[in-house]
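Me: I would like a close look at a single helix in this model, with attention to how its residues are placed. Please set it in the context of the rest of the fold afterwards.

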Amino acid sequence: MKIGFFDSGVGGLTLVSELLKIENNLSFYYVGDNEHCPYGNKSESEIKERIERIIKFLLKNDCEIIIIACNTASIIAEKYNLLNENVIGISQLIKNEINKIDNFVIYGTKSTIKSNFYKISKKKMKQISSKKLAKLIETETDLENNIKIVREIKRDIKNIEKKMNKLVLCCTHYPIVKNLISKVFQGEIIDYNPIIANKILKIILTFKEKIILKEKKIYFTKSKSVYDSLFIRQIMVEAQLLKL
């Protein structure tokens, strides 16, 4: 069995990395659509078109299960009925976990927050968006000590009340700079990727086909430089460029 993953760039690889920690032999294709990053600042019709195009590519390459490893794209896919038992969005899996907590802040892209997908009645919560953070992660160097990124995070979360002591990262790019977020936000920073990885593996195991194969391919639609600096040592797969 081959699994397809996609995101607007390198963000979805934070989820893939967690999945490979628990099952390193999975065969997968990954598409990082960084030519169109960030999805969070685009219209619904633009995002929908990219989702449909990438799903078509992954199906053509025999991916039996497709994981939309992007909150923004997952929410749009659900809205337009693009999900099914073989095409799975991470947003509902994350929402199921969010239902278990209180006094929290959702931190996501403009499109994710505008959708109100994660807004839960009777919960003490707040939602904040970032216009630039995902794009900065894709384009900046030295993500360990990047002043531009720290400034962006400060602008985003400056009005959070102290009683809101949990920050939920609802963009798969954001865990990449979790260390920088922790310099600004003093409460608990929640990255659900490890939990979602386990949930996805359980879904994969419900299929009867064998899941252990050797083929791993990673594609980017613009540049693979961020992948090469952040992920190649973890995933050990040479990325390729793809016109899509």
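Reply: A residue is called buried here if its relative accessible area is under 20%, and exposed if that area is over 50%. The model is a predicted one, and the helix chosen is α2, residues 44-60.

Its length can be checked against expectation. At 1.5 Å a residue, the 17 residues of α2 should span 24 Å, and this agrees with the end C-alpha atoms, which lie 24 Å apart.

The burial pattern comes next. Buried residues of α2 are I47, R50, I51, I54, I55, F57 and L58. These residues lie on the same side of α2, because the arc they cover around the axis is only 160°. An α-helix has 3.6 residues a turn, so residues three or four places apart point the same way. On the face turned away from the buried side, α2 carries the exposed residues S45, K56 and K60. Just after α2, D62 adopts a positive phi of about 65°.

The wider context includes an open sheet of 6 strands, in the order β4-β3-β1-β2-β9-β10, with parallel pairing. Its edge strands, β4 (87-89) and β10 (239-241), each pair on one side only. From one strand to the next, the twist averages 20°. Within this sheet, β2 (residues 27-32) and β9 (residues 216-220) run parallel and are joined by 5 bridges; Y29 has K217 in β9 as its bridge partner. Another helix, α4 (residues 90-98), lies across β3 (65-68) and β4, and runs at about 40° to β4.

Note on methods
Residues numbered from 1 in each chain as written. Predicted model: local features only at pLDDT ≥ 70, side-chain atom pairs only at ≥ 80, totals over all residues. Heavy atoms only, no water. Pairing = 2+ DSSP bridges. Helix = DSSP H or I, 4+ residues; strand = E, 2+ residues; numbered from the N terminus. Axes fitted to C-alpha atoms, helices over the stretch in contact; angles between N-to-C directions. Contact = heavy atoms within 4.5 Å. Expected span 1.5 Å × (residues − 1). Buried < 20%, exposed > 50% of the residue type's maximum accessible area, 1.4 Å probe, protein only. Arc of directions from axis to C-beta.
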